[in-house]
Amino acid sequence: MKRKAFALLEVLVVVGIVTTIGMFGVPLWSQYSARQDMALAKNQIIQGLQRARANAMAGKEDSSWGFRIPNGVLFRGDTYTEDLLDDTSTEVYSMPETVAFSGLTEVIYDKSGNPDQTGTITLRAFNSEIDSIEIVLSVALGSVDTTVGGSLTICYNSVTLSVTDAAWPSYQSRGAILGSCPSGSSSSAFSPARRTRRHISSSS
């Protein structure tokens with residue numbers, strides 16, 4: 001005799017299995033998605049900065065070039081405005097909406113390839129994961145580097161520290177701020193993480 005329906009016990013077992021998979025699968029997928037978005041944002045920023053510097057050094061359109069980080073916009077000139085989106089020379093690098101940015105919001109390169117400012121671009125994913133890109137001007141080498149991820153420079157209790165990305169939320173909750181302390185404060189390397197330096201080449 002053929003069975004025409006599932007027994008209640010079988011239905012409960014299937015529901016239990018699906019629920020268990022959901023309990024473990026959804027958080028893992030969310031974490032994976034956040035890391036993918038973070039990696040995409042970092043890659044887009046680095047490419048945009050490289051492109052801006054290359055255009056400036058090549059004297060493209062006889063102008064300086066910049067990159068607007070939150071909008072992912074490569075633009076011509078000394079400052080970003082919404083009108084530049086209609087400029088045919090403007091390029092847009094898609095940024096994930098799940099990643100928030102703080103720190104440097106735009107960097108302008110002159111014809112020598114030097115940025116108008118240096119500092120840290122901090123990226124925060126929706127799951128509170130933090131990463132960073134630091135724009136560093138190496139005067140001695142005549143080059144511009146980025147330090148990607150690894151550690152953050154913070155000011156905590158008037159002391160400049162280098163802490164891991166994972167440790168930053170704890171320090172932030174205790175009043176620490178991103179960046180070095182004002183001149184005259186002491187400096188200390190606390191839990192430094194090994195950094196990867198990536199040279200911003202002049203090639204597009």
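In the predicted model, Tyr 156 has a relative accessibility of 17% and therefore counts as buried, since the limit for that class is under 20%. Tyr 171 is likewise classed as buried, at 8% relative accessibility. The rings of Tyr 156 and Tyr 171 form an aromatic pair with an edge-to-face arrangement, in which the centres are 5.1 Å apart and the planes make an angle of 90°. Because Tyr 156 belongs to strand E9 (residues 151–156) and Tyr 171 to helix H2 (residues 168–173), the pair ties together parts that are 15 residues apart in sequence. The ring of Tyr 171 also has a charged group placed over it: the charged end of Arg 174 sits 4.7 Å from the ring centre.

The chain as a whole contains two helices and 13 strands. Of its 204 residues, 37% are buried. The exposed surface of the chain amounts to about 11800 Å², of which carbon and sulfur atoms supply 55%. Among contacts with a separation of 6 or more, 53% join residues 24 or more positions apart.

In soluble globular proteins, nonpolar side chains tend to be buried together. The largest nonpolar core in this model has 23 residues, and the members that touch the most others are Ile 45, Leu 49, Phe 67, Ile 121 and Leu 123. At least two residues of this core come from each of helix H1 (8–57), strand E1, strand E5 (106–109), strand E6 (119–125) and strand E7 (130–138). The greatest contribution is that of H1, which gives eight residues. The surroundings of Leu 123 can be described in further detail. When neighbours within four places in sequence are left aside, Leu 123 is in contact with several residues, including Met 38, Ala 41, Lys 42, Ile 45, Val 99, Phe 101, Ile 130 and Ile 133. A second, separate core comprises six residues, among them Ile 154, Tyr 156, Leu 161 and Tyr 171.

A search of the whole structure finds three aromatic pairs. One of these is formed by Phe 67 and Tyr 93, which meet edge-to-face with 5.6 Å from centre to centre and 85° between the planes. Phe 67 lies in strand E1 (residues 65–68), whereas Tyr 93 lies in the loop between E3 and strand E4 (99–103), so this pair ties together parts that are 26 residues apart in sequence. Phe 67 counts as buried because its relative accessibility is 0%. Tyr 93 also counts as buried, with a value of 11%.

A polar contact was found at Asp 87, a residue in the loop between strand E2 (73–76) and strand E3 (91–92). The side chain of Asp 87 makes this polar contact with the side chain of Arg 76, at 2.6 Å. Asp 87 has a relative accessibility of 19% and so counts as buried, the class being defined as under 20%.

The loop between E9 and strand E10 (159–164) was examined next. Asn 157 is found in this loop, and Ser 158 has its place there as well. Phi of Asn 157 is near 55°, a positive value in a residue other than glycine. Ser 158, also a residue other than glycine, has a positive phi near 65°. Asn 157 is classed as exposed because its relative accessible area of 61% is over 50%. Ser 158, at 47%, is partly exposed, since this value falls between the limits of 20% and 50%.

Conventions:
Residues are numbered from 1 along each chain as its sequence is written. This is a predicted model: local features need pLDDT of at least 70, side-chain atom pairs count only at pLDDT 80 or more; totals for chains, interfaces and linings use all residues. Side-chain values use heavy atoms; hydrogens and water are left out. Helices (H or I, at least four residues) and strands (E, at least two) are DSSP runs, numbered from the N terminus. Buried means under 20% relative accessible area, exposed over 50%, partly exposed in between (1.4 Å probe, protein chains only). A polar contact is a pair of N or O atoms within 3.5 Å; within protein, one must be able to donate a hydrogen and the other to accept it, and residues adjacent in sequence count only if both atoms are side-chain atoms. Rings of Phe, Tyr and Trp (its six-membered ring) pair if their centres lie within 6.5 Å; planes under 30 degrees apart count as stacked, over 60 as edge-to-face and the rest as tilted. A charge sits over a ring if NZ of Lys or CZ of Arg is within 6 Å of the ring centre and within 35 degrees of the ring normal. Contact means heavy atoms within 4.5 Å. Accessible areas come from the Shrake-Rupley method with a 1.4 Å probe; for residues, only the protein chains shown count as cover. A nonpolar core is a set of buried Ala, Val, Leu, Ile, Met, Phe, Trp, Tyr and Cys residues joined through side-chain atoms within 4.5 Å.
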